[in-house]
Amino acid sequence: MAPQRIPLIAGNWKMNFDHLEATYFVQQFAENLRDIHFDYKHCEIALMPSFTSLRSVQVLVESDNLKIRYGAQAVSVTSQGAFTGDVSADMIARLGCSYVIVGHSERRKYHPEDDANIVDQVRAVLAAGMQPILCVGESYEERRQGIELDFAVGQVRDVTRDLSDEEAARLIVAYEPVWAIGTGMVATPQSAQDAAKAIRDDLTATFGRHVGEAVRILYGGSVSSKNAVALIREPDVDGFLIGGAALKVDELTRICRLTMAEIR
């Protein structure tokens, strides 16, 4: 983690919590963060609820003047029209969202979303004034073949080659090795650093140092309070995209507390 980049701890709730459960979680989480005197100036926190909970989270955050940010887990490439079930970037932005997850491995696998679609999603999010969190990462097969770094860098390049310097600088990349998501397995801190550095080096080579140094690169894949400290100490790891641990308010609080202790 470099001092010029503000770390981001983002919790992806996936398809969990209805709007009442989401509201209760945010209330408890905010209280925990107050108790540990969390420093929001030096570390951002964001939660990614389901679409049905976004409005409830917005109301709570605004009414209680909370400093927790929030975002969406997916977005449509279209702005409006006869697209049943889709939610546009403008709709998400009107709810006060700061971030949108794009290209998560579960979206790529189950829907599926291809590279062209993901590029359009990134553009839609940027045009609506939010920041996309672009998820990339290899499966066990790519890792077995020893091409994991090339694979992750290639996924980023497939999106950024169509972006301007200014657009690329607003991107957030989440390196999430697919084999580690929800499995309990986690990349070593050195592996996470190697991937983050490879992505940053490619961004620097493509857009210049100002972009390479600006883009935050998160690690995701079975992040917990047991490995958060070792991961955040790596110079190119700027935070986390957390799945399972983000559903447990005390565990997420511990990760935030440990991260804050490291960056002070």
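Helices H1 and H12 pack at an angle of about 35°, and their axes lie 10 Å apart. H1 passes H12 in a right-handed crossing. This is a predicted model. Its eight strands close into a barrel with parallel pairing. A second helix pair, H7 and H9, packs at about 40° with axes 9 Å apart.

**The H1–H12 contact**

- From H1, the contact uses Phe25, Gln28, Phe29, Asn32 and Leu33.
- From H12, the partners are Val249, Asp250, Leu252, Thr253 and Cys256.
- By class, the contact of H1 with H12 has six nonpolar, three polar and one charged residues.
- Two packed helices are described by the angle between their axes and the distance between the axes.

**Phe29, a residue of H1**

- Phe29 sits in helix H1.
- Its relative accessible area is 0%, so Phe29 counts as buried, the cut-off being under 20%.
- Leaving aside residues up to four places away in sequence, Phe29 touches Ile45, Leu47, Ile68, Val249, Leu252, Thr253 and Cys256.
- Among these neighbours, Val249, Leu252, Thr253 and Cys256 also appear on the H12 side of the helix contact.
- Lys109 is 80 residues from Phe29 in sequence, and the two C-alpha atoms are 31 Å apart in space.

**Helix H12**

- H12 covers residues 249-263, which makes 15 residues.
- At 1.5 Å a residue the helix should span 21 Å, and its end C-alpha atoms are 21 Å apart, so the two values agree.
- The buried residues of H12 are Glu251, Leu252, Thr253, Ile255, Cys256, Thr259 and Met260.
- An α-helix has 3.6 residues a turn, so residues three or four places apart point the same way.
- On the strand side, the buried residues of H12 pack against E1 (8-12), E2 (44-48) and E8 (239-242).
- On the helix side, they pack against H1 (19-35) and H11 (228-232).

**The barrel**

- The strand order is E1-E2-E3-E4-E5-E6-E7-E8.
- From one strand to the next, the twist averages 25°.
- E1 and E2 are joined in the parallel sense by five bridges.
- Within that pairing, Ala10 has Ala46 of E2 as its bridge partner.
- E1 also pairs with E8, again parallel, over four bridges.
- There, the bridge partner of Ile9 is Phe240 in E8.

**Strands E7 and E8**

- E7 (residues 216-220) is mostly covered, with five of its five residues buried.
- One side of E7 carries Arg216, Leu218 and Gly220, and the other carries Ile217 and Tyr219; all are buried.
- Four bridges link E7 to E6 (residues 172-175), and the two strands run parallel.
- Tyr175 stands opposite Tyr219 in E7.
- E7 also pairs with E8 in the parallel sense, over two bridges.
- Gly220 stands opposite Leu241 in E8.
- E8 is covered on both faces too: Gly239 and Leu241 on one side, Phe240 and Ile242 on the other, all buried.

**The H7–H9 contact**

- H7 (residues 148-160) crosses H9 (residues 189-207), and the crossing is right-handed.
- H7 contributes Leu149, Val153, Val156, Arg157 and Thr160 to the contact.
- H9 contributes Asp194, Ala195, Ala198, Ile199, Asp202, Leu203 and Phe207.
- By class, the contact of H7 with H9 has eight nonpolar, one polar and three charged residues.

**Helix H7**

- H7 has 13 residues and reaches 19 Å from its first C-alpha to its last.
- That is close to the 18 Å expected at 1.5 Å a residue.
- The buried residues of H7 are Glu148, Ala152, Val153, Gly154, Gln155, Val156, Val159 and Thr160.
- Of these, Val153, Val156 and Thr160 also take part in the contact with H9.
- The buried residues of H7 pack against strands E5 (131-136) and E6.
- They also pack against helices H4 (105-110), H5 (115-127), H6 (140-145) and H9.

Terms used
Residues numbered from 1 in each chain as written. Predicted model: local features only at pLDDT ≥ 70, side-chain atom pairs only at ≥ 80, totals over all residues. Heavy atoms only, no water. Axes fitted to C-alpha atoms, helices over the stretch in contact; angles between N-to-C directions. Left-handed = near helix turned anticlockwise from the far one by under 90°. Contact = heavy atoms within 4.5 Å. Nonpolar A, V, L, I, M, F, W, Y, C, P; charged D, E, K, R; others polar. Expected span 1.5 Å × (residues − 1). Buried < 20%, exposed > 50% of the residue type's maximum accessible area, 1.4 Å probe, protein only. Pairing = 2+ DSSP bridges.
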